[in-house]
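Colleague: I should like a close look at a single part of this structure, namely the surroundings of the ligand. Please then set that part within the rest of the chain.

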Amino acid sequence: MDKIRIRGGARLNGEIPISGAKNAALPLMVAALLTDAPLTLTNVPKLADVAFMADLLRHFGVTAEWTPEAALGQGGRYELCAADLTGTTADYDIVRKMRASFLVFGPLLARAGHAKVSLPGGCAIGARPVDLHLKALEALGAKVELADGYVIAEAPGGLKGANIAFPFVSVGATENALMAATLAEGRTVISNAAREPEIDDLGRCLTAMGARISGLGTSSIVVDGVKSLHAAAHAVLPDRIETGTYAMAVAIAGGAVELTGTRADLVGALIPLLKEAGTDVTATNNGLMVARNGVRPTSVSAATEPFPGFPTDLQAQFMALMATAEGTSHIRETIFENRFMHVPELLRMGANIKVDGDTAIVTGVPRLNGAPVMATDLRASSSLVLAGLAAEGETVVNRVYHLDRGFERLEEKLSRVGADIERLPV
Ligand code: UD1
């Protein structure tokens, strides 16, 4: 399995192109199941999870053709077409590898009237159940049963519009409900809907496919069902997690980098934290300029929240930054239990972090030390890369496949701006 080696201490200068968002691309690809007409997606990042989603869709008879773009950060184009659905079962072996596979549940049910999808099971970041997805589909009239680790659902007469009120915010359950409601008969109102930009992006694509949706970007989304959806083309929005991760790479390593092809509003909660920590962040015509020169970062406390709050997917990277800051910060994780797996690895690099329940208390040290570390999940792995940029000596990140799931050509993007980083194929 590949490793990534980083020699810390280099400042970063230049430009990093930001790719399309993984978390938007995955549900957008699934939306192809809702119609027998083609769906063309551009700015799709070239990532392991995206390739995996294409394989899952092929399993249901969807054709999925990928054309890469030559330029760094522009990913490629997927032409997807679900002219005939040849299957409606997603096996355990498929779903256990990627939780986002569960997003096929609502669209399969809406289009074919039945679906059998394996429960995702436990995963490294907490229990992560799918009860809200199931309740939403039941509200739309599906008969849902659990048997042998599978969710089996039927809606022979089609789904019917309903009021779906989520008890708390779930990105995936909102996406499943939104996609299914586009083909349900009558009006669906989704209350306490997630407001993440990826949901807005999905809603825009569904609208381009002929869906009738209002309230996107608010916590109350209204969908008036239509009989069928049609062909459309859609460009995936920029990846806000990649944007935030590279912004923090500059904050931790120092230097000045323009992040291009992205938008400041996608990382609205991170910008004031970075500024308070001593990093300059300014919006440019094409993205964001991030710079830190001279002084050591200052400690700032933060708590994760659903959008527009500070994202859980940036928590590990922010902790790496705070591990080098002057002072003590409290970082609270409110979305997932057990999302501090990066802490023991950061400790190996000389960080001073104590975990108390859902809060990590981070006292910055003047210098981290390079060490061999183990990537445990996608976002945790990127925090170790960031820590390696600031550490003295050599850091080797093992189990890099986690990074390949969510960061397109990470080592190439960082080495272009001056980081001493390389992939060691094994
Ligand atoms: C999505 C993102 C992930 C991000 C997360 C939170 C994708 C592909 N993944 O994951 O990167 O970290 O949002 O921003 O977009 N929950 C339940 N029951 C449910 C569903 C969720 O209890 O039926 C809980 C989860 O365990 C978690 C919380 O709700 O504690 C939020 O999860 P959710 O927003 O659903 O995350 P995902 O959609 O899985």
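Modeller: The account below begins with the ligand and then turns to the sheets and the chain as a whole.

The model is predicted, and the description should be read with that in mind. The shell around the ligand consists of 18 residues, and those that come nearest are Asp131, Leu132, Ser170, Asp313 and Ile335. By class, eight residues of this shell are nonpolar, five are polar and five are charged.

Two of the nearest residues also bring side-chain N or O atoms towards oxygen atoms of the ligand. For Ser170, the separation between a side-chain N or O atom and a ligand oxygen is 2.6 Å. For Asp313, the corresponding separation from a ligand oxygen is 2.6 Å. The side chain of Asn23 likewise has an N or O atom 3.0 Å from an oxygen atom of the ligand. As to the surface of the ligand, it exposes 750 Å² when taken alone, and the protein buries 86% of that area.

Among the elements that line the site, helix H5 (131-139) and helix H6 (171-181) each contribute at least two residues to the shell. The largest contribution is that of H5, which gives three residues.

Beyond the ligand, two sheets deserve description. One is an open sheet of four strands, arranged in the order S6-S7-S9-S8 with mixed pairing. Its edges are formed by S6 and strand S8 (143-147); each has a single partner strand, so one side of each is left without a neighbour in the sheet. At one end of the order, strand S6 (residues 89-90) pairs with strand S7 (residues 114-118) in the parallel sense, over two bridges. Within that pair, Thr89 stands opposite Lys116 in S7. S7 is joined in turn to strand S9 (residues 150-154) by five bridges, and these two strands run antiparallel. Here Val117 stands opposite Val151 in S9. The pairing of S8 with S9 is also antiparallel and extends over five bridges. In this last pair, Lys143 has Glu154 of S9 as its bridge partner. The mixed character of the sheet can thus be followed pair by pair: S6 and S7 are parallel, whereas S7 and S9 are antiparallel, as are S8 and S9.

The other sheet is likewise open, has four strands and shows mixed pairing, with the order S10-S11-S13-S12. Strand S10 (163-165) and strand S12 (212-214) are its edge strands, each pairing on one side only. From one strand to the next, the twist of this sheet averages 15°. Its edge strand S12 pairs with strand S13 (residues 220-224) in the antiparallel sense, over three bridges. Ser214 has Val222 of S13 as its bridge partner.

These elements belong to a chain whose secondary structure comprises 14 helices and 24 strands. The C-alpha atoms fill a box of roughly 65 × 45 × 40 Å along the principal axes. For 426 residues, a compact globule would have a radius of gyration near 22 Å; the chain has 21 Å, and the two therefore agree.

To return to the part you asked about, the ligand has 86% of its area buried by the protein, and its oxygen atoms come within polar reach of three side chains: 3.0 Å for Asn23, 2.6 Å for Ser170 and 2.6 Å for Asp313.

Technical notes:
Residues are numbered from 1 along each chain as its sequence is written. This is a predicted model: local features need pLDDT of at least 70, side-chain atom pairs count only at pLDDT 80 or more; totals for chains, interfaces and linings use all residues. Side-chain values use heavy atoms; hydrogens and water are left out. A residue is near a molecule or strand if one of its heavy atoms lies within 4 Å of it. A polar contact is a pair of N or O atoms within 3.5 Å; within protein, one must be able to donate a hydrogen and the other to accept it, and residues adjacent in sequence count only if both atoms are side-chain atoms. Accessible areas come from the Shrake-Rupley method with a 1.4 Å probe; for residues, only the protein chains shown count as cover. Ala, Val, Leu, Ile, Met, Phe, Trp, Tyr, Cys and Pro count as nonpolar, Asp, Glu, Lys and Arg as charged, and the others, Gly among them, as polar. Two strands pair if DSSP finds at least two bridges between them. Axes are lines fitted to C-alpha atoms, for helices over the stretch in contact, and angles run from 0 to 180 degrees between N-to-C directions. The radius of gyration is taken over C-alpha atoms; the globule rule is 2.2 Å times the number of residues to the power 0.38.
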